[in-house]
Amino acid sequence: MPSEPILQIRDLKKHFPIQQGMLRKTVGHVRAVDGVSFDLSRGETLGLVGESGCGKTTVGRCVIRLIDPTAGEIRFGRELTDIGGLSQRALKPYRRRMQMIFQDPHASLNPRMTVRDIVAEPLESQHVPGDTDDRVGDLLESVGLRRRDGRRYPHAFSGGQRQRIGIARALALNPDLVVADEPVSALDVSVQAQILNLLVDLRRDHGLSYLFISHDLSVVRHICERIAVMYLGRIVEISDRDRLYRRPLHPYTEALLSAVPVIDPAARKQSHRIRLAGDVPTPSAPPGGCRFHPRCPYATEKCREEVPPLVEIDGGLSACHYARELDLAGVL
């Protein structure tokens, strides 16, 4: 696995204000992302997983500066420049080096623009020299579409084909980093594997690095080398893919893995589904200590009082006070 980092996130935070009244007075904040740190190597695919509302999409949008972070560092590129506080003018040279594939291919494509204009828009906005029509045709072919499809509008395509158009647009400027935000969750199961295989092939052919955001652990297992698990705005575990599925280092990861459907009937009898008690706390008033402690079956008084740091354990990272003591793989 490549070791040269292309992205370093340090203590990233994004707090959305809660406003009330006619004067829009701020009465609190939603801590959507509250101290996230991780590295992404050049040529690597890092999966970012967690249940809905954990903040993973907000992380992705902060990384490519679709929204501005509240605090923290976003270091990007060979020089690892901190782009988190750059103005829009200063950020423009970095825009072409990082792109995003959105979750809903229908909502992310302008219905009034032809496919040619959609894919060509990044080239024209960045004033890329050369024959734009030839470049658009090459991009469409690289994602499995025809050159003549550029004359059509998005409504004429299926969901999988629309996502291919979104991928072609993301590749138009030859980026180094692509943030893929649940790129297959809105597609039929029969199409998901085709899009995932396409992303794998494009990463190999173009030397891309992916931050792959998903809630589906089976999808993440197929495409990612490493996986970061988020819960309530924080990362609770980062581990190699095979190690994470073999021996999770955090009780929340254990619960997520137990929910993955098991196809083999014999293995299904050996598996144990963990049903977490209660609901996810609100990110506007997260619990003290370990944020998972209200739902954790192993929680103690220490978990309620002390915030566990993300520390290295057996080659992975875990934010659990008892990660060394718990044999979480034994119950899966």
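**Exercise 1. Strand 7 and its neighbours**

Which residue in strand 8 stands opposite Val179? Then place strand 7 among its partners and describe its cover.

*Solution.* Note before starting that this is a predicted model.

Step 1. Find the facing residue. Val179 stands opposite Leu211 in strand 8.

Step 2. Look at the pairing on that side. Strand 7 and strand 8 (residues 209-214) run parallel and are joined by 5 bridges.

Step 3. Turn to strand 6 (residues 98-101). It runs parallel to strand 7, with 4 bridges between them. Ile101 has Ala180 of strand 7 as its bridge partner.

Step 4. Sort the side chains. In a regular strand, side chains alternate between the two faces of the sheet. Here Leu177, Val179 and Asp181 point one way, while Val178 and Ala180 point the other way.

Step 5. Check the cover. Of the 5 residues in strand 7, 5 are buried.

**Exercise 2. The whole sheet**

In what order do the strands of the open sheet lie? Identify the edges and follow helix 6.

*Solution.*

Step 1. Read the order. The 8 strands run 6-7-8-3-9-10-12-11, with mixed pairing.

Step 2. Find the edges. Strand 6 and strand 11 (311-313) each have a single partner strand, so one side of each lacks a neighbour in the sheet.

Step 3. Add the twist. From one strand to the next, it averages 25°.

Step 4. Examine the pair at the strand 11 end. Strand 11 and strand 12 (residues 316-318) are antiparallel, with 3 bridges. Val311 has Ser318 in strand 12 as its bridge partner.

Step 5. Place helix 6. It packs on the sheet and touches strand 3 (45-49), strand 6 and strand 8. Its direction makes about 160° with that of strand 8.

Step 6. Name the unit. Strand 7, helix 6 (residues 189-206) and strand 8 form a right-handed β-α-β unit.

Step 7. Compare another helix. Helix 9 (residues 251-258) lies across strand 9 (226-231) and strand 10 (234-240). Helix 9 runs at about 105° to strand 9.

**Exercise 3. Buried or exposed?**

Is Gln192 buried or exposed? Apply the cut-offs, then do likewise for His127 and Asn174.

*Solution.*

Step 1. Recall the limits. Buried means under 20% relative accessible area, and exposed means over 50%.

Step 2. Take Gln192, in helix 6. Its relative accessibility is 14%, so Gln192 counts as buried.

Step 3. List its contacts beyond four places in sequence. Gln192 touches Val184, Ser185, Leu187 and Val219.

Step 4. Take His127, in the loop between helix 3 (115-125) and helix 4 (132-142). At 64% relative accessible area, His127 is exposed.

Step 5. Take Asn174, in the loop between helix 5 (159-171) and strand 7 (177-181). At 51%, Asn174 is exposed.

Step 6. Inspect the backbone. Most residues other than glycine have a negative phi. His127 has a positive phi of about 55°. Asn174 also has a positive phi of about 55°.

**Exercise 4. The cores**

How many residues does the largest nonpolar core have? Then look at one of its members.

*Solution.*

Step 1. Count. The largest nonpolar core has 53 residues.

Step 2. Pick out well-connected members. Among those with the most contacts inside this core are Val119, Phe212 and Ile227.

Step 3. Follow Ile227. Beyond four places in sequence, its contacts include Leu46, Val49, Ile238 and Tyr245.

Step 4. Look for another core. A core of 30 residues lies apart from the largest one, and includes Val33, Leu40, Ile83 and Ile213.

Conventions
Residues numbered from 1 in each chain as written. Predicted model: local features only at pLDDT ≥ 70, side-chain atom pairs only at ≥ 80, totals over all residues. Heavy atoms only, no water. Helix = DSSP H or I, 4+ residues; strand = E, 2+ residues; numbered from the N terminus. Buried < 20%, exposed > 50% of the residue type's maximum accessible area, 1.4 Å probe, protein only. Pairing = 2+ DSSP bridges. Right-handed = clockwise from strand over helix to strand, strands pointing away. Contact = heavy atoms within 4.5 Å. Core = buried A, V, L, I, M, F, W, Y, C linked by side-chain atoms within 4.5 Å. Axes fitted to C-alpha atoms, helices over the stretch in contact; angles between N-to-C directions.
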